[in-house]
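Please examine the structure below with attention to its charged pairs, its aromatic rings and its buried core. The paragraphs that follow take these topics in turn.

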Amino acid sequence: MEKDYLQLALQTFNGGDWYGWKKEDDNGNKIPNKDRMQYQHIKIIKDGATIPSEADVNAKIQELKDAEQAAIDKKASAKTKLKNLGLDDEELKTLGL
């Protein structure tokens, strides 16, 4: 299953658990469930919370993706370094690499 970076990013604003999803658009039309979880359908459910700008949310999404890729890259680098020191694939697997 693909990560929901939008929700991961939104959780970093306003102390988390501050938002929900609109069920109807501004004209009163029902928003299908598959289409609800988009920036334009965010609603505030916590007093004092504010909706961050779409640019801020997109920047946070990119930050999360970059951090995830950096962790993947570090793991690959560590695996290569350990192989260069003489560990075999079975030993690396034992280490979770």
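K3 counts as partly exposed in this predicted model, its relative accessibility being 44%. This lysine forms a salt bridge with E68, with 3.1 Å between the closest N and O atoms. The pair joins distant parts of the chain, since K3 lies in the segment before α1 (5-10) and E68 in helix α3 (residues 54-84), 65 residues apart. E68 is likewise described as partly exposed, because its relative accessible area of 27% falls between the limits of 20% and 50%.

The salt bridge between K3 and E68 belongs to a total of four. Another of them is formed by K60 and E63, whose closest N and O atoms are 3.1 Å apart. Both of these residues belong to helix α3, where they are separated by three residues, about one turn of the helix. E63 is partly exposed at 46% relative accessibility, whereas K60 is listed with the buried residues of α3. A further salt bridge pairs D35 with K34, the closest N and O atoms being 3.5 Å apart. Here K34 is exposed, with a relative accessible area of 74%, while D35 is partly exposed at 26%.

Charge also meets an aromatic ring in this model. The charged end of K65 sits over the ring of Y5, at 5.1 Å from the ring centre. Y5 is in turn a member of the largest nonpolar core, which is taken up further below.

How many aromatic pairs does a search of the whole structure find? The search finds two. A pair of aromatic rings is described by the distance of the centres and the angle of the planes. For Y19 and W21 the centres are 5.5 Å apart and the planes make an angle of 75 degrees. The pair is edge-to-face because this angle is over 60 degrees. Y19 counts as buried at 8% relative accessibility, and W21 counts as buried at 8% as well. Ring pairs also bring in W18, so that W18, Y19 and W21 form a cluster.

The surroundings of W21 can be followed through its contacts. With neighbours within four places in sequence left aside, W21 touches L6, Q7, L10, R36, M37, Q38, H41, I42 and K43. One of these partners, H41, is placed in the loop between α2 (33-36) and β2 (42-44). Is H41 buried or exposed? H41 counts as buried, because its relative accessibility of 13% is under the 20% limit. Under the same exclusion of sequence neighbours, H41 is in contact with G20, W21, K22, I31, D35 and R36. D35, named among these contacts, is also the partner of K34 in the salt bridge described above.

The largest nonpolar core gathers several of the residues already met. Its 12 residues are Y5, L6, A9, L10, F13, W18, Y19, W21, I42, A49, V57 and I61. Three elements, α1, β1 and α3, give two or more residues to this core. The largest share is that of α1, which supplies four residues. In soluble globular proteins, nonpolar side chains tend to be buried together.

Helix α3 contains 31 residues and spans 45 Å from its first C-alpha to its last, close to the 45 Å expected at 1.5 Å a residue. Its buried residues are V57, K60 and I61. Of these, V57 and I61 are listed in the largest nonpolar core. The cover over the buried residues of α3 includes α1. Just after α3, G86 adopts a positive phi of about 110 degrees.

Positive phi values also occur at residues other than glycine. N14 has a positive phi of about 55 degrees and is found in the loop between α1 and β1 (19-21). N14 is partly exposed, with a relative accessible area of 27%. D17, which lies in the loop between α1 and β1, takes a positive phi of about 50 degrees although it is not a glycine. D17 counts as exposed, because its relative accessibility of 59% is over the 50% limit.

How values were computed:
Residues numbered from 1 in each chain as written. Predicted model: local features only at pLDDT ≥ 70, side-chain atom pairs only at ≥ 80, totals over all residues. Heavy atoms only, no water. Phe/Tyr/Trp six-rings, centres within 6.5 Å; stacked < 30°, edge-to-face > 60°. Buried < 20%, exposed > 50% of the residue type's maximum accessible area, 1.4 Å probe, protein only. Lys NZ or Arg CZ within 6 Å of the ring centre and 35° of its normal. Contact = heavy atoms within 4.5 Å. Salt bridge = Lys/Arg side-chain N within 4 Å of Asp/Glu carboxyl O. Expected span 1.5 Å × (residues − 1). Core = buried A, V, L, I, M, F, W, Y, C linked by side-chain atoms within 4.5 Å.
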